[in-house]
Amino acid sequence: MGLFLFFVLSKNIYADSSQLSIHINPNHVLARLSPHMYGIFFEDINFAGDGGLYAEMVRNRSFEDIRPPEGCRIEGNWAITPGNFKWYIGVDDSIPFWKLNITGNAKAYAKLDTVLPLNHAQYYSLKINIEKCNNAQVSLINDGYYGMAVEKEKNYLFSFYARSNDKYDGKIKVSLIDENGKTYASQYINGIEQNWKKFSTTLIAADTHSKLKLHITFTRAGTLWLDMVSLFPEDTWKKRQNGWRNDLMQMLVQLNPKFLRFPGGCVVEGITFDNAIQWKETIGDIAERPGHVNVWGYRSTDGIGFHEFLQMAEDLHAEPLFVVNVGMTCQARNSYSMPIDQLKPMIDDVLDAIEYANGPVNSYWGALRAKNGHPEPFHLKFIEVGNENWGEEYDIRYEMFYDAIKSRYPEIIIIRSAHPTADKNPLYFPNNKGDILDLHYYRSPDWIFKNHKIFDDYPRIGKQIYIGEYACNEKVGRGNLYAALADATFLIAFERNADIITMASYAPLFENDDKDGYKWPVNLIHFNNHKVYAMPTYYAQQMFSNHKGDVVVASELISDSVTIPIHYNLSGGAIGFDTYSTHSAFDDILVVSNNDTLLYETFDNPITKFPLIAENGNWKIENGELHQTDATIFAHAYMGDTAWKNYTLTFRAKKISGMEGFFMTLYRKDDNNWLRWNIGGWNNTQHALELRSNGSNSFITPMIQGSVRTNEWYRVKIKVEDLHIQCYLNDTLIHNVYLPTHNNYQRLYSVVTRDTIKNELIIKIVNPFPYSASINININDSIKISNSGKEIILTSKNPDDTNSFDNPELVYPRTSPINGLSNHFKYLLKPNSLTFLILKMN
Ligand code: AHR
């Protein structure tokens, strides 16, 4: 490493970067880049599917949203598994997203009904009883996904299934109406009889509007039942029925993905096996798909099902990559492993899925594929066995799935999953079974810049790595240019290690920006019901996938380093107690600084000088112990003096019931500034020390595996001396951290690839710092560089800049020609930039 510079980020200080250079030998090929290096990962999170790509406009179309998550019971806002794992659901309306509007002296009611359902998949239908309607109206109104959006003169295909107790002789009006009562489209339906029948009509929008509601209006008395009330734009992707939004599909096309990983993620694992995705329930007529409550807390119609995912991959010219449940529910939430002797049906399901995708039309499942409109095979090549699974239970099950798949379909490439938070999972395959390991990284920019060499020393054992989920998603708000530069640095690291990293996909892919779409901090493509924009990192990825090249060539980057002082908000503070979905107790709290006792609280006779302030939770003193008894929430209480500093905190704590252990907060200045030791976090599997500084959280120690036992007192000691923090559990030192005073980063990050067909050399460089950098580019004279080429630059004024509906291209790659090139030239990299130099080779 060259020159060592010490400076504080300031626009007045310009660092001399004359030492920067890159030496490239285009004829020295280091590795071939995989043809399917860049792909996408689709999961229905943040309303990516329903309320997103899936173009259905009616929300809760089959009236099933009230059903509890499969395999769970409901208590208040919580879904509870048989093993008492609680997860938040929060459905409190009896017919979610529907309203009954009655005008004049009409008399009517609507309620969910289970008598004579439409079919086996539909538990409820909606019963509407209109007792009288004299010159008045009874309307059922659906809100859609935050309103329904239509475009002037376009067609919208409406349908529902209906029956009545007797022939219903009234006409039913179906219309789209705005908040002022103005109608944008309407049609009539009649002829409803005693048996279930599907009725359809086309609504033509008189004008463009994005906040309409669907009204189904009755003007005669009668009793009717409705189900599968649906409204789709006619103009979907490839004009398919049950189709996908064109604008969102276009965003995927423009990413140029070479594979599509589906259908998740955590949704594959489920909180219980019953609410994990089961592909057989997601094919065929949409009226016969039961849907399920996904782990992200909302009901999925499964309108985008197994067949549609395969079709989507085909449309995108991407390889389908199907993720299957390995007989384990979500290990990070409600870990449960299916007994080995009950695994066979799950394994058979996977074999059937492969037959559905690839089998001949005279096979059972191949015939069903043909019946569903696709006689040609889909050429499914990749199966991922499990998602974010690890450990012994996983290994046993993984091998069983592996053996069964390989013995029937030896050509299928099997991907194995790994622990989601480990920095460096071993490249391990039980009994050498498997081809590719899927690693996930959701990290901060600091972590990525510091760990950009993490793959350089992974063992080369003939196995491959798939970075199945990655995103710079800490300390970057909801995503910005700086995150994109960190992500680009990670992509550079992937390409530099293209001999082992053969696939990568960012996650999550989509977020509905309307009110309750957000389930994850940073997401790639944002939309509402009629508009879309992408995060800066989308454009970084597009640059990489459009200009990948086919080989990586030798290049040496001579870059100095940059040192940035770290400012911690650690000037002292009070202490606090926390629990997450757990009932815990605390006792004998002692705070000592320089031999002075600042606090000693046994809760026998609570001291009044430093009363306990409960922010939330159910805190009470019982038998001289402090208890937090609400095992459904994240509870916090605190006490003491914000001026306390350099102290040792000791106490006893005990978990009584619930999911996790307990936490202790120190140096609490306010809600946004504290230090916290989480003992038995992550479902009682890890301990970690976390710092919140000005509202931004970061882990300051790696997570250490560990748990606490229920009903057992633990002695806890945390000592803070300036930037030295020691944490003891039952006198064993668990964390011993000296917080660093400076961060030291390499200044530039680069990789060079070559496109042998286009005869191009592609130099990819990230300059994440807020000043320009002049770099000498030296290309070995064995080839000749043409005089003209082009540059593609992703940058903006400020690293915090991001895109939005109002300014969707604030951070957008700009392409310009460059002339006067040769084998040796100087180039000025813009501040905060990702630059691709595309040079023609003669
Ligand atoms: O991408 C969001 C989630 O992150 C995925 O479901 C899961 O695999 C990971 O934990």
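The ligand in this predicted model is surrounded by Phe41, Glu43, Gly265, Cys266, Trp296, Asn387, Glu388, Tyr442, Glu469, Ala507, Pro508 and Trp520. By class, that shell holds seven nonpolar, two polar and three charged residues. Below are the ligand's polar contacts, and then a look at strand S16 and the strands that pair with it.

**Around the ligand**

- Glu43 has an N or O atom in its side chain that sits 2.6 Å from an oxygen atom of the ligand.
- For Glu469, the distance from a polar side-chain atom to a ligand oxygen is 2.7 Å.
- Asn387 also reaches a ligand oxygen, with a polar side-chain atom 3.0 Å away.
- On its own the ligand has 280 Å² of accessible area, and the protein covers 95% of this.

**Strand S16 and its setting**

- Strand S16 spans residues 209-218, and eight of its 10 residues are buried, so the rest of the structure largely encloses it.
- As a general reminder for reading such a strand, side chains in a regular strand alternate between the two faces of the sheet.

**Strands that pair with S16**

- Strand S13 (residues 172-177) runs antiparallel to S16 and is joined to it by six bridges; here Ser175 has His215 as its bridge partner.
- Strand S10 (residues 138-142) pairs with S16 over five bridges, in the antiparallel sense, and Asn142 is matched with Leu214 of S16.
- Strand S11 (residues 148-150) is another antiparallel partner of S16, with two bridges; Val150 is bridged to His209 in S16.

Note on methods
Residues numbered from 1 in each chain as written. Predicted model: local features only at pLDDT ≥ 70, side-chain atom pairs only at ≥ 80, totals over all residues. Heavy atoms only, no water. Buried < 20%, exposed > 50% of the residue type's maximum accessible area, 1.4 Å probe, protein only. Helix = DSSP H or I, 4+ residues; strand = E, 2+ residues; numbered from the N terminus. Pairing = 2+ DSSP bridges. Near = heavy atom within 4 Å. Polar contact = N/O pair within 3.5 Å; in protein donor to acceptor, adjacent residues only side chain to side chain. Areas by Shrake-Rupley, 256 points an atom, 1.4 Å probe, with all protein chains shown as cover. Nonpolar A, V, L, I, M, F, W, Y, C, P; charged D, E, K, R; others polar.
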